[in-house]
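Colleague: I have the model open and would like to go through it with you. Could you take my questions one at a time and show me the reasoning behind each answer?

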Amino acid sequence: MKLLTAALLLLFIAMCLASADGVKCKCSRKGPKIRFSNVRKLEIKPRYPFCVEEMIIVTLWTRVRGEQQHCLNPKRQNTVRLLKWYRVWKEKGR
């Protein structure tokens with residue numbers, strides 16, 4: 001009985017850790033080129049112990065596909081331009 005309780009407790013802890021935001025890297029695959037006008041939200045998450053680089057998650061909206069989230073490569077020139085554009089756009093109050 002004690003072994004079953006210990007196993008269930010370990011399973012519960014593993015599930016909690018797996019659902020934590022910083023445990024795994026969400027950006028294993030990088031997203032496509034994007035249009036700045038389709039950007040709804042931009043999130044920049046710092047490096048975690050399991051991620052080599054910071055995560056840049058962008059939420060896009062299009063008429064055909066609706067809302068979609070993509071990860072962007074922080075080293076690409078297009079992503080750097082997007083970050084600069086988004087900061088200026090946000091400062092102006094949209």
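Colleague: Is Leu11 buried, partly exposed or exposed?

Modeller: Happy to start there, with a word on the model itself. This is a predicted model, in which local features need pLDDT of at least 70, side-chain atom pairs count only at pLDDT 80 or more, and totals for chains, interfaces and linings use all residues. Residues are numbered from 1 along each chain as its sequence is written, and side-chain values use heavy atoms, with hydrogens and water left out. Buried means under 20% relative accessible area, exposed over 50% and partly exposed in between (1.4 Å probe, protein chains only), so with a relative accessible area of 41% or 48% alike the middle class applies, and Leu11, at 48%, is partly exposed.Colleague: Which residues make the nonpolar surface patch of about 590 Å²?

Modeller: Patches are made of residues with over 30% relative accessible area and no salt bridge, with like charges joined within 9 Å and nonpolar side chains (Val, Leu, Ile, Met, Phe, Trp, Tyr) within 5 Å. Areas come from the Shrake-Rupley method with a 1.4 Å probe, and for residues only the protein chains shown count as cover. Leu11, found in helix α1 (residues 2-19), is one of the members; the full set is Met1, Leu4, Leu8, Leu11 and Met15.

Colleague: In what order do the elements of the chain run?

Modeller: Helices (H or I, at least four residues) and strands (E, at least two) are DSSP runs, numbered from the N terminus. The chain has two helices and three strands. From the N terminus on, the order is α-β-β-β-α.

Colleague: How far apart are the end C-alpha atoms of α2?

Modeller: The expected span of a helix is 1.5 Å times one less than its number of residues. For the 15 residues of α2 (residues 77-91) that gives 21 Å, which agrees with the distance in the model, 22 Å.

Colleague: And where do the buried residues of α2 lie, seen down its axis?

Modeller: The buried residues of α2 are Asn78, Thr79, Leu82, Leu83 and Tyr86. Taking the directions from the helix axis to the C-beta atoms, they fall within an arc of 140°, so they line one face of the helix.

Colleague: What covers those buried residues of α2?

Modeller: Turned away from the buried side are the exposed residues Gln77, Lys84 and Glu91. Contact here means heavy atoms within 4.5 Å. The cover of the buried residues includes β1 (39-45), β2 (55-62) and β3 (66-72).

Colleague: How far apart in space are Val39 and Leu82?

Modeller: Val39 sits in strand β1 and is buried, at 6% relative accessibility. Leaving out residues up to four places away in sequence, Val39 touches Ile34, Val58, Thr59, Leu60, Leu82, Trp85 and Tyr86. Val39 and Leu82 are 43 residues apart in sequence, and their C-alpha to C-alpha distance is 9.5 Å.

Colleague: Which residues are linked in a network of salt bridges?

Modeller: A salt bridge is a side-chain nitrogen of Lys or Arg within 4 Å of a carboxyl oxygen of Asp or Glu. Glu43 pairs with Lys41, the closest N and O atoms being 3.7 Å apart, and with Lys45, where the closest N and O atoms are 3.8 Å apart. Glu43 is partly exposed at 23% relative accessibility, whereas Lys45 is buried at 13%. The network is made of Lys41, Glu43 and Lys45.
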